[in-house]
Amino acid sequence: MTDAALAPAALGTGALAAYGVLALPLASAALPVYVHLPNLYGGALGMNLALLGAILLTARLAAALIDPLLGALNDRLQRPRLAIAVGMLLLTAGVLMAFNPPRDGASLGAWSGASPATWLAAALVPLYLGYSMVSVSYVAWGALLGASPHERTRVTTWREGFGIAGVILASVLPQALAPDAAGGLARFSAVLVPVAVLALLALLAAAPRPAAPAHRPPVAWRAMLAPLSNPRFRRLFAVFVLNGIASALPATLVLFFVADVLQAPQSAGLFLALYFAAGAASLPLWLALSRRIGKAAAWFASMLLATLAFSGAFLLGAGDIAGFAAICALSGLALGADLALPPAMLADTVRAAGEESRAGAYAGLWTFATKLNLALAAGLALPLLALSGYVPGDPATVRPLAYAYGPLACVFKVIAAYALWPACRLRPNPEGVRT
């Protein structure tokens, strides 16, 4: 099936916005789960870090492992709108539960005496299942939009732009809604529900719909893993995994770093907002640069910028607010490329191979890698920090945290850049795709 058959007309601003807007509540739900939730349960609720890491690792690995199955189901059923609607219902229910744990005197029936660990484990089931259902179908949908490589980059740029807007809201609203982190997260989870409903309605009513591929692959292990037989996808997938680990480590540890290394927990929301605002501002720059020098080369440049930024984190200490703000701004600029370019390269890979009928399988493996990175970051970094003597709230034990947040992330980022380098030496065509 040709590109023209899938998307015969250029996508206008309204169509791009209708498709991209769902990323706002999706990202708004994801940021508290991956950034605030470890700090909420490990800090405010006093869960043991090793136990917390084990629960997060198990839940995230389980969520990651079902993504290829959901991708194959998406290809077989061709009902992405239904999958997204049901998934968003599960996701919002899980977020409400995760950020409203039972308090003393709470009337929650059989759950009134639940431990934080039990409550968290139960909440993560609908949360991660719903997130997987939405994200797999949503990414597969986007991979079939756009009649040219540059237009596919526009699709992902709009989607990730809305995603960054959602992340910024999730960074600042909890602190604005309540004076304490736990109360702010609880209120934010309630605000998320109507926002998600409105975005879902916009997607279902006005987002462009690509023609459904005629062939529907069977739901089998062979179908789930079929994209790995594509050499171009294997190379891109390897770089994506390595770069994702480098990004997941600081994302998991940033609130601990701000609270115990910088000793400025009250500034956490502003730091996150600065980081994501810089990412949003950089999206048009990366879009233009990728068209000029190619997506791989632009992504490579962003990796070097991120390495430079995070390498300075190890030098910071208590009160170094300006220094960390500079790190947030520089690494945020690099974030724009991380968000927009890899999924656009994924869409190019699907279309170049003529694998539109397997777009869900590609998306399933892609989101599997994203969740695997975050699972490893939480499931390995938190227990290792506990073993190395780090105790949240004790500034005297922060040295292992400083190593994990900055230098370790830089090591993975450099390895990812090295793996991407061969693609940067290929010649770009006028659309900015290196061939």
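Okay, a contact here means heavy atoms within 4.5 Å. With that in hand, take the contacts in the protein chain with a separation of 6 or more: 85% of them are between residues 24 or more positions apart. Keep in mind that what we're looking at is a predicted model.

So what is the chain made of? The secondary structure comes to 16 helices and 0 strands. There are 435 residues, and 56% of them count as buried.

How confident is the predictor? The mean pLDDT of the chain is 86, with 90% of the residues at 70 or more. Helix H12, residues 295-311, has the highest confidence, a mean of 95, while helix H1, residues 3-6, has the lowest, at 36. Two stretches stay under 50. One is residues 105-111, with 8 contacts beyond four places in sequence. The other is residues 429-435, and there the model has 28 such contacts. Where pLDDT is low, the predicted coordinates should not be read in detail, so I'll move on.

Let's talk about rings. The structure holds 15 aromatic pairs. One of them is Phe256 with Tyr390, an edge-to-face pair, 6.2 Å centre to centre, with 90° between the planes. Which parts of the chain does that pair tie together? Phe256 is in helix H10 (residues 231-261), and Tyr390 is in the loop between helix H14 (359-387) and helix H15 (399-405), so the two parts joined are 134 residues apart in sequence. Buried or exposed? Phe256 is buried, at a relative accessible area of 3%, and Tyr390 is buried as well, also at 3%.

Now for another pair, Phe314 and Tyr403. Their ring centres are 4.8 Å apart and the planes sit at 40°, so this one counts as tilted. Phe314 comes from the loop between H12 and helix H13 (321-352) and Tyr403 from helix H15, so here the parts tied together are 89 residues apart in sequence. Phe314 is partly exposed, with a relative accessible area of 26%, and Tyr403 is partly exposed too, at 45%.

You can also find a cluster: ring pairs link Phe257, Phe271, Phe310, Phe324 and Tyr405. And if you like charges with your rings, look at Tyr138, where the charged end of Arg159 sits over the ring, 6.0 Å from its centre.

Last topic, two helices with kinks. Helix H11 runs over residues 268-293, which is 26 residues. At 1.5 Å a residue it should span 38 Å, and its end C-alpha atoms are 36 Å apart, which agrees. Where does H11 bend? There's a kink of about 40° at Ser282, shortly before the proline Pro284. Right after the helix comes Gly294, with a positive phi near 105°.

Helix H16, residues 407-424, gets the same check. Its 18 residues should span 26 Å, and the end C-alpha atoms are 25 Å apart, which agrees. The kink in H16 is about 25° and lies at Tyr418, shortly before the proline Pro422.

Which residues of H16 are buried? They are Ala409, Cys410, Lys413, Ala416, Ala417, Leu420 and Cys424. And what covers them? The cover includes H10, H12, H13 and H15. You've met those helices already: H10 carries Phe256, and H15 carries Tyr403.

That's my tour, thanks for listening.

How values were computed: Residues numbered from 1 in each chain as written. Predicted model: local features only at pLDDT ≥ 70, side-chain atom pairs only at ≥ 80, totals over all residues. Heavy atoms only, no water. pLDDT = per-residue confidence, 0-100. Helix = DSSP H or I, 4+ residues; strand = E, 2+ residues; numbered from the N terminus. Phe/Tyr/Trp six-rings, centres within 6.5 Å; stacked < 30°, edge-to-face > 60°. Buried < 20%, exposed > 50% of the residue type's maximum accessible area, 1.4 Å probe, protein only. Lys NZ or Arg CZ within 6 Å of the ring centre and 35° of its normal. Expected span 1.5 Å × (residues − 1). Bend = angle between axes of the 7 residues up to and from the residue.
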